[in-house]
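Here are some friendly notes to read alongside the structure. Keep the 3D view open and look up each residue as you reach it.

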Amino acid sequence: MTEQQGVPGRLSGRVAVVTGGASGIGLASVRRMAAEGARVVIADICEEQTGSAVAQQVGGLFVRTDVSDEAQVEALYALTHRTYGAIDIAFHNAGINPPDDASVLETEVEAWRRVQQVNLDSVFYCCKHVLPYMLEQGRGSVINMASFVAVMGAATSQISYSASKGGVLSMSREMGVQFARRGVRVNALCPGPVNTPLLQELFASDPERAQRRLVHVPMGRFAEPDELAAAVAFLASDDASFITASEFLVDGGISSAYVTPREGD
């Protein structure tokens, strides 16, 4: 299934906000939800020209946003609501995975804090400022980007990244339970390794480290952004109407693998 396809009209009339929406999984999700009928707001720290080009492609709106700045997050959701009158879907996808975040023995406090600010604090800010709109209208789907490392340990450690994703999963579970009877669903999307610019950068800088990740994926490959976008569109839609407070794993089986399958099995 290509990124332009989907379930026609499934998200018709919905308003969606995607952070980190100008590249990778975010961009694929923007295109997928637009193809299913949603009006999409792209929030990203990229240059205005890049973000505006994406918005033009899908007939949406670009809002340059640093998600680690609470004031900018609050302004993003206020502008979205003023423009469209509702916010039905929020996919909090923005995150970083820098090389100086490694073992707990090696990671400096500055690197730890930077990852927490972008990956965890930002999700807190986003939920804090989008949920009031959803609760007022009595409906909404929040999808927070966690990771398979939130449910299992990684021997090739990125300590702050793993901790941030565990925090996202825990927050999502708690909010999903808290607001379940008020029409708002909150889920954590937990991908395995995905073929995005972040992963490609890792391959370029440390091919051996990246290859150690691939060998443990039972399906024998990394996910493509479109495959994650399909999961996002599903969680955003009424097809997922009874799914909340979940760890939605799209990981090629990595979190269930005890040993690596032999080649040819």
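The numbered points below go from the confidence of the model to the sheet, and then to single residues.

1. **Confidence.** Please keep in mind that this is a predicted model. Its average pLDDT is 92, and 93% of the residues score at least 70. Where among the elements is the mean pLDDT lowest, and where is it highest? The lowest mean, 68, belongs to helix α6 (residues 197–205), while strand β4 (residues 89–92) has the highest, 99. I would read any picture of α6 with that lowest mean in mind.

2. **The sheet.** Try tracing the strands across the sheet. There are seven of them, in the order β3-β2-β1-β4-β5-β6-β7, and they form an open sheet with parallel pairing. Why do β3 (61–64) and β7 each have one side without a neighbour in the sheet? Both stand at the edges with a single partner strand, so nothing in the sheet flanks the other side. On average, neighbouring strands here are turned by 20 degrees against each other, direction ignored.

3. **A pair of strands and a helix.** Now zoom in on β4 and β5 (residues 140–145), which run parallel and are joined by four bridges. Ile-89 is placed opposite Ser-141 of β5. Then find helix α5 (residues 159–178), which lies across β5, β6 (184–191) and β7. Relative to β6, α5 runs at about 155 degrees.

4. **Two phenylalanines.** How many aromatic pairs does a search of the whole structure find? It finds two. One of them joins Phe-234 and Phe-248: the ring centres are 5.8 Å apart and the planes make an angle of 35 degrees, so under the usual cut-offs (stacked under 30, edge-to-face over 60) the pair counts as tilted. Phe-234 belongs to helix α8 and Phe-248 to strand β7, so this pair ties together parts that are 14 residues apart in sequence. Phe-234 is partly exposed, with a relative accessible area of 23%. Leaving out residues up to four places away in sequence, Phe-248 touches Ala-188, Leu-189, Cys-190, Ala-231, Phe-234 and Leu-235. The C-alpha atoms of Phe-248 and Ala-236 are 12 Å apart, with their positions 12 residues apart along the chain.

5. **A glutamate in a loop.** Look next at Glu-36, in the loop between α1 (24–35) and β2 (39–44). Is Glu-36 buried or exposed? Its relative accessibility is 0%, so Glu-36 counts as buried. Its side chain makes a polar contact of 2.8 Å with the side chain of Arg-10. Beyond four places in sequence, Glu-36 touches several residues, including Gly-6, Leu-11 and Ala-233.

6. **A leucine in a helix.** Leu-135 sits in helix α4 (residues 109–137). At 19% relative accessibility, Leu-135 counts as buried, because the cut-off is under 20%. Its contacts beyond four places in sequence are Phe-179, Arg-182 and Val-184. Leu-135 and Arg-182 are 47 residues apart in sequence, yet their C-alpha atoms are separated by 6.6 Å.

7. **An alanine worth a look.** Most residues other than glycine have a negative phi. Ala-245 is not a glycine, but its phi is positive, at about 60 degrees. You will find Ala-245 in the loop between α8 (225–236) and β7 (247–250). With 21% relative accessibility, Ala-245 counts as partly exposed.

Note on methods. Residues are numbered from 1 along each chain as its sequence is written. This is a predicted model: local features need pLDDT of at least 70, side-chain atom pairs count only at pLDDT 80 or more; totals for chains, interfaces and linings use all residues. Side-chain values use heavy atoms; hydrogens and water are left out. pLDDT is the predictor's confidence in each residue, from 0 to 100. Helices (H or I, at least four residues) and strands (E, at least two) are DSSP runs, numbered from the N terminus. Buried means under 20% relative accessible area, exposed over 50%, partly exposed in between (1.4 Å probe, protein chains only). A polar contact is a pair of N or O atoms within 3.5 Å; within protein, one must be able to donate a hydrogen and the other to accept it, and residues adjacent in sequence count only if both atoms are side-chain atoms. Contact means heavy atoms within 4.5 Å. Rings of Phe, Tyr and Trp (its six-membered ring) pair if their centres lie within 6.5 Å; planes under 30 degrees apart count as stacked, over 60 as edge-to-face and the rest as tilted. Two strands pair if DSSP finds at least two bridges between them. Axes are lines fitted to C-alpha atoms, for helices over the stretch in contact, and angles run from 0 to 180 degrees between N-to-C directions.
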